[in-house]
Amino acid sequence: MKAVKKVLIVGGGIGGLCAAIALRRQDIDVDLVELKTQWTVYGVGIIQQSNVVREMAKLGVLDGYLDAAYAFEDVTINTMAGEQLARIPGQRLAGPEYPANVGISRLALHQVLSETTIALGASIRLGLSVQTLEQVGEGVDVLFTDGSRGCYDLVVGADGLYSQIRGLLFREQYRPRFTGQSVWRYNFPRAAGIDHLATFQGPAGNAGLVPLGRDQMYMFVTSHEPANPRMDAATLATQMRQRLSGFTGLIGELREQIRDSDRVVYKPLEVVFVREPWYRGRVVLIGDAVHATTPHLGQGAGMAIEDAVVLGEELVAGGSVEQQLERFMARRYERCKFISESSVLAGDKEMAHDSRFDRIGLVRRMLEVTAEPI
Ligand SMILES: Cc1cc2nc3c(=O)[nH]c(=O)nc-3n(C[C@H](O)[C@H](O)[C@H](O)COP(=O)(O)OP(=O)(O)OC[C@H]3O[C@@H](n4cnc5c(N)ncnc54)[C@H](O)[C@@H]3O)c2cc1C
């Protein structure tokens with residue numbers, strides 16, 4: 001008999017939704033609560049690499065996901081003028097008939113994951129969170145913010161960088177840290193040559209173009225913002241163009257088209273990593289709640305998705321809940337630590353203007369590590 005039959009997932013982002021799908025596929029009852037009343041996400045895109053495509057196959061969503069995405073094979077690393085330094089071939093980890101990598105709009109990804117979660121019978125409540133958690137015997141009693149109650153075999157905290165559930169388990173021990181960098185993003189019609197992920201190394205930041213669909217791509221650029229200033233929303237387009245000064249070639253051409261501040265998505269980069277088991281009793285944390293990192297390796301959501309799949313596998317692999325969560329940790333900790341630390345390192349090297357840093361080598365190593373079975 002399964003030790004875990006009924007689970008509460010707190011947070012309906014990428015990690016929470018993938019956990020809901022993974023658990024429902026194992027016939028575990030799932031309640032999911034999401035704080036937002038309007039269950040939407042912001043409208044730029046996300047890079048998902050070969051390990052994510054493999055996990056999407058395990059979640060049984062691959063066909064719908066690929067229909068909503070732009071599939072591509074290679075990643076190029078270029079100078080700020082667009083001269084190619086390296087072309088790194090993709091790895092078809094989901095099988096030879098499936099692509100190596102995809103770019104997908106966050107809205108489209110949310111739609112695929114939320115529709116699958118609903119279709120699989122998870123109960124979803126919006127505008128709601130947890131007021132208190134009490135671990136009693138072999139369960140967790142939960143009081144929700146609307147005064148309702150529930151009793152669960154396991155609670156999964158998938159509530160992101162500022163996780164409330166992390167605070168309930170570890171109090172103030174782990175707080176998000178601003179790394180010194182921010183990211184600026186902007187959508188464009190897809191340029192003909194952008195049929196793969198193209199990155200461009202600037203002296204103080206890294207830019208990139210990510211295809212999202214036949215007609216759409218987005219640009220990102222990182223910048224050093226040591227004082228983490230509050231940006232005036234009306235100036236975002238001008239400021240993004242400034243951060244791109246010095247780039248020539250395609251990035252330089254596109255820079256001049258960044259005119260609408262309302263379409264700039266600006267994000268200071270904050271990180272957190274929990275350096276001890278991510279569970280206490282029958283409450284476990286996944287995704288950004290325990291290992292939020294910078295996007296330099298494009299693997300933050302990838303790690304949240306892998307967490308979800310591995311949790312689903314372990315909860316039906318026998319043993320006590322303690323043993324299941326121990327096995328989950330054994331499969332996740334070092335892998336997520338490597339991604340978290342390597343991503344932060346890449347940003348630190350950009351801020352230090354360290355031209356000797358072997359970024360191409362790091363990307364190759366990341367691809368090797370993430371291609372390994374989990
Ligand atoms: C600029 C930038 C670019 C990135 N690009 C990439 C990329 O290209 N590829 C990649 O793999 N990753 C990327 N990432 C990382 C990726 O976005 C995150 O790792 C991923 O979104 C984490 O998912 P999550 O579900 O753990 O957390 P979140 O996406 O933060 O979701 C948490 C959810 O929980 C909800 N919530 C919060 N508190 C509560 C509460 N108390 N009760 C109920 N619900 C709550 C939130 O509303 C939210 O819906 C990027 C990150 C940044 C900042």
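Two strands count as paired when DSSP finds at least two bridges between them. Keep that in mind for the sheets on this tour, and remember that you're looking at a predicted model.

**Stop 1: a sheet of three strands**

Select strands 9, 10 and 11. Together they make an open sheet in the order 9-10-11, and the pairing is antiparallel. Strand 9 (130-136) and strand 11 (149-152) are the edges; each has a single partner strand, so one side of each is left without a neighbour in the sheet. Look along the sheet for the twist: on average, neighbouring strands are turned by 20 degrees against each other, ignoring direction.

Now zoom in on strand 10, residues 139-144. Four bridges tie strand 10 to strand 11, and the two run antiparallel. Which residue of strand 11 is the bridge partner of aspartate 141? Click on cysteine 151: that's the one.

**Stop 2: another open sheet**

Next, pick strands 3, 7 and 4. Here you have an open sheet of three strands, in the order 3-7-4, with antiparallel pairing. Strand 3 and strand 4 (69-72) sit at the edges, each pairing on one side only. Neighbouring strands of this sheet are turned by an average of 20 degrees against each other, again with direction ignored.

Strand 4 and strand 7 (residues 101-105) run antiparallel and are joined by four bridges. To find one of the paired residues, select phenylalanine 72 and then its bridge partner in strand 7, asparagine 101.

**Stop 3: the ligand**

Show the ligand and its surroundings. There are 31 residues around the ligand, and the closest are Gly15, Glu34, Ile47, Ser129 and Asp288. By class, that shell holds eleven nonpolar, 13 polar and seven charged residues.

Turn on distances for three contacts, each to an oxygen atom of the ligand:

- Aspartate 288 brings a polar side-chain atom to 2.7 Å.
- Isoleucine 14 has a backbone N or O atom at 3.3 Å.
- Glycine 300 has a polar backbone atom at 3.4 Å.

How much of the ligand's accessible area does the protein cover? On its own the ligand has 1000 Å², and the protein covers 86% of that. To see where the shell comes from, colour the elements that give two or more residues to it: helix 1 (14-25), strand 2 (29-34), strand 3 (45-48), strand 13 (177-189) and helix 9 (300-314).

**Stop 4: the annotated span**

Finally, select residues 6-317, which an unreviewed UniProt entry lists as "domain: FAD-binding". The span is 26% helix and 34% strand, and its end C-alpha atoms lie 16 Å apart.

Conventions. Residues are numbered from 1 along each chain as its sequence is written. This is a predicted model: local features need pLDDT of at least 70, side-chain atom pairs count only at pLDDT 80 or more; totals for chains, interfaces and linings use all residues. Side-chain values use heavy atoms; hydrogens and water are left out. A residue is near a molecule or strand if one of its heavy atoms lies within 4 Å of it. A polar contact is a pair of N or O atoms within 3.5 Å; within protein, one must be able to donate a hydrogen and the other to accept it, and residues adjacent in sequence count only if both atoms are side-chain atoms. Accessible areas come from the Shrake-Rupley method with a 1.4 Å probe; for residues, only the protein chains shown count as cover. Ala, Val, Leu, Ile, Met, Phe, Trp, Tyr, Cys and Pro count as nonpolar, Asp, Glu, Lys and Arg as charged, and the others, Gly among them, as polar. Axes are lines fitted to C-alpha atoms, for helices over the stretch in contact, and angles run from 0 to 180 degrees between N-to-C directions. UniProt positions are given in the numbering used here, feature names are shortened, and annotations may be inferred rather than shown by experiment.
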